[in-house]
Every structure is written in structure tokens, then in C-alpha cells.
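Please go through this structure with me and, for each label used, explain what justifies it.

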Amino acid sequence: MNLSIEHVEVFGIAMPLVGEYKNAYLSKSVVKAAVVRITANDGTTGCGSIEPTPGYSKESVEDNLRVLERRIAPLVVGLDPTNVHHILATVEPAVDGFLDAKAAVEMACVDLAARAANVPVHAYLGGAVKERLLFNAWIGILPPDEAAEETLHWQAQGFRSAKVKVGGNIQADRDRVAAIRDAVGPDFEIRIDANAGYDADTSIELARMMAPYQLQLFEQPVPDHDIAGMARVRREANALGIPIMADESVLDHASLIRIIKADAADIVKVKVMKQGGILNTRRMIATAEAAGLRCVVGHGFGLGPHTIAEIMVAATSNNVVDGLECVGPLKTQDDVVTQKLDLSSGSLMLPDGPGLGVTLDDAKLAQYRLDTSH
């Protein structure tokens, strides 16, 4: 039977978080999401989710919902969901921008295609090279004693690394990291993330201040467009033993090539939502690997479908650094899938069910529906 997309459902979700999270952009206690479920003519379904973050994503959740419902869904109805290349070739030129929305549909099609083949997504991508995935904890912009206490909590749970948000004041950043390092000892990996909040000179000064604390990496020190500035920070930071990771500066393949040519990063951060889908993300990991750059994977506020998609992608490459950052289920009070992922120990055995291995829960989709009436 030839498969074709019969129905595309789009759900706006407002999921409460377990606390308030602060980075260089904003504080938030709710994550807004767009969830897509695609049904083929034989009844096979696939799902995807995206969680655009203000200050990070180019378009809001509400804008993505409108584009999904009014523009993308009508384009893909009737197409073969297992021919993901054709889906993308249809959608990408017809809708300018909106990588997040495109990722939601692509994710759902990959899920459906793998389910139709009765294999997990990691097998659909060519096979897994890791059976157990490790995850990275996160620490917001907190006072030093609170940051140290929270990091100790994650270390006791089994986590081996943590990302520490920095921004606003480099002296406070140093004090936060110093307190964490003193608390957790020398073997725990510490990453810092400026979320593009500093200029190059300030970032270089911060790198010098961080040198004693044995950082695993320094993420996105400068604004996303300042590739030359990031290259300058990298030269100075590398002399101190600190690798630089690009995140906001990496969207499509062209932006990745710019970073490679400019020698602007040692590591690149990839996310299924940011890169426009599972296949694009896997290709960019391969490109980075060919250029000698390692990758970190993960969007920190993903719901179940998005989180498991990133886990599946990460499992297919040894070029992905241990300590995945797709830890949304640890931050959300609930989820829209029937069984919430348990990442509380800092690791997870790779799921082996068909597709993404998660099923949307209609009751939860209704319970956490995003009100877009105003």
C-alpha cells in the first residue's frame, strides 16, 4: 500500500515547569510548544514537537502554530510521509524561515516512516553506536551557594557534567563557577553558556577568569552574527585550555561552513528544532566531524517527542560529546506523551521501540492546551 498523509493535527501547548529558569535572555516558568501529529491513510501516525524560546528562536510559538496550520499542513496532505526528502523539498522553498515549524513536520514524518518500517528512528538513521546515553545537568544564573548546592544535587543523582548559565556580570559568573568547582571536585565537567550575551573583549576577560576552574567548554560567548569575534575569543580561550562552542551562530549548513572556515569554534551545538529536522541535524553532525569539530546535542526545554528525537540522533554518532542537553523532561511538570521520559539518574538506555517510541496522550494535549485567543 502506498502511504499518503491523510491528516495533520497541530496542538499549541503551555507546559508548566518545575521552577523558574533564568538565562541571559529571560526567566520563564512555562514552556510553550507546538505539537504535530501526522496520520497516514493506513492509520500509521508520527509525532513531533518544538518549543521556540523567546530571544533564541526567530519566530514565536504562536507564529509557528499559524504557519503549521495554514501553510505547511495544506502543502503536505496527500504526500508520501516516508519520502522525507520530498516533504522537505516541497515545504522549504514554499515557506521562508520557520526552521522550527519545518522541524516539527519533518520529525513527525521520520517517526511515521520508521514506524512503517517497524524500526526505531536510530536504526532508520543507520544504527546506534551508543546504547546508554549520558545527560548534562544545568544551573541557572544563581548566587554561588545556591548554584553549588544545586550542582551537588545533580552530581548525587548520577550526573557527571553540568552547564552553568552566565551573563550580566563576569565577576558574579566567576564566583558562581568557583563555588561549583569547589563543591563538586575536579572530576565533574563544567560548561558555561553566555547565550550570546557578551562581546568579544568581555568574553576573553571572562575566559581568563575561568581558567583555574577547568571548563569543558564555553558556549556562545558573543552575538550570533559576530563570527570574527568568536574566532578571536577562541584563539585566546584555547591558549587557556578552554574550547569554544557555537550554538546560536549555527542554524543551517551555510552557517556551519562559515564557522568552520573562520576557525571560530572547537565544538558546535546542534538541535533538531534549530537545524530544521532530524535529517538536517544528522548531516550537520557529519559535516562538523569531517572538519574536526565535535558536537553537543540538545534543546533544554523539549517535550517528549523532541527530546527522544535528539536522543535518537545523538546515539548514531561517536562525534557527539557525552552529556546530552536534551533534558526538558527534568524541567517540565508533566508531558504530552503517555509515558514521560525518566532522565533523573543522568543516563538512559536507548529506547528500541518503533519510530520515536513515544505516543501522544490526547488527555494531556487537551489539559495543557495553549490559549491563543488573545
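Q: What makes E7, H7 and E8 a unit, and of which hand is it?

A: In this predicted model, E7, H7 and E8 form a β-α-β unit that is right-handed. The crossover earns that word because, with the strands pointing away from the viewer, the path from the first strand over the helix to the second runs clockwise.

Q: How do you know that E7 and E8 pair, and in which sense?

A: Pairing requires at least two bridges between the strands, and E7 and E8 have four bridges, in the parallel sense. One of the residues involved is isoleucine 192, whose bridge partner in E8 is phenylalanine 218.

Q: What makes E8 and E9 a pair?

A: E8 and strand E9 (residues 244–246) are linked by two bridges in the parallel sense, and the requirement is at least two, so the two strands count as paired. Glutamate 219 has methionine 245, in E9, as its bridge partner. With H8 in the path, E8, H8 and E9 make a right-handed β-α-β unit.

Q: Why is E8 called mostly covered?

A: Five of the five residues of E8 are buried, and buried is the word for a relative accessible area under 20%.

Q: Which residues of helix H7 are buried, and what covers them?

A: In H7, residues 200–210, the buried residues are Ala200, Ser203, Ile204, Leu206, Ala207, Met209 and Met210. Their cover includes helix H6 (170–184) and helix H8 (227–239), together with strand E7 (189–193) and strand E8 (215–219).

Q: What makes the approach of aspartate 199 to aspartate 201 a polar contact?

A: At the start of H7, a side-chain oxygen of aspartate 199 comes to within 3.4 Å of the backbone nitrogen of aspartate 201. The limit for a pair of N or O atoms is 3.5 Å, with one able to donate a hydrogen and the other to accept it, so this oxygen and nitrogen qualify.

Q: Why is glutamine 220 called buried, and where is it found?

A: Glutamine 220 lies in the loop between E8 and H8. Its relative accessible area is 0%, and the limit for the term is under 20%, so glutamine 220 counts as buried. Its phi is near 40°, a positive value in a residue other than glycine.

Q: Why is phenylalanine 98 called buried, and what is its phi?

A: Phenylalanine 98, in the loop between helix H2 (84–94) and H3, has a relative accessible area of 14% and therefore counts as buried, the limit being under 20%. Its phi is near 55°, again a positive value in a residue other than glycine.

Q: How do you know how many disulfides there are, and why does cysteine 295 not form one with cysteine 326?

A: A search of the whole structure finds zero disulfides. The sulfur of cysteine 295 has its closest cysteine sulfur in cysteine 326, at 13 Å, whereas a disulfide needs the two sulfur atoms within 2.5 Å, so the pair is too far apart for a bond. Both are buried nonetheless, since cysteine 295 has 0% relative accessibility and cysteine 326 also has 0%.

Q: What makes aspartate 334 both buried and joined to other side chains by polar contacts?

A: Aspartate 334, found in the loop between helix H13 (328–331) and strand E12 (347–349), has a relative accessible area of 15% and so falls within the buried class. Its side chain makes a polar contact of 3.1 Å with that of lysine 364 and a polar contact of 2.7 Å with that of tyrosine 368, both of which meet the 3.5 Å limit. Leaving aside neighbours within four places in sequence, the residues in contact with aspartate 334 are Met15, Lys340, Lys364 and Tyr368.

Q: Why is leucine 370 called buried, and which residues is it in contact with?

A: Leucine 370, in the segment after helix H14 (362–367), has 7% relative accessibility and therefore counts as buried. Beyond its neighbours within four places in sequence, leucine 370 is in contact with Gly12, Ile13, Ala14, Lys32, Val61, Glu62 and Leu65.

Q: Which residues touch the most other members of the largest nonpolar core?

A: That core has 125 residues, and Ile13, Phe135 and Ile311 touch the most other members. Its largest share, 10 residues, comes from helix H3 (residues 99–116). Another core, of five residues, lies apart from it and includes Leu217, Met245, Ile267 and Val296.

Technical notes
Residues are numbered from 1 along each chain as its sequence is written. This is a predicted model: local features need pLDDT of at least 70, side-chain atom pairs count only at pLDDT 80 or more; totals for chains, interfaces and linings use all residues. Side-chain values use heavy atoms; hydrogens and water are left out. Buried means under 20% relative accessible area, exposed over 50%, partly exposed in between (1.4 Å probe, protein chains only). Contact means heavy atoms within 4.5 Å. A nonpolar core is a set of buried Ala, Val, Leu, Ile, Met, Phe, Trp, Tyr and Cys residues joined through side-chain atoms within 4.5 Å.
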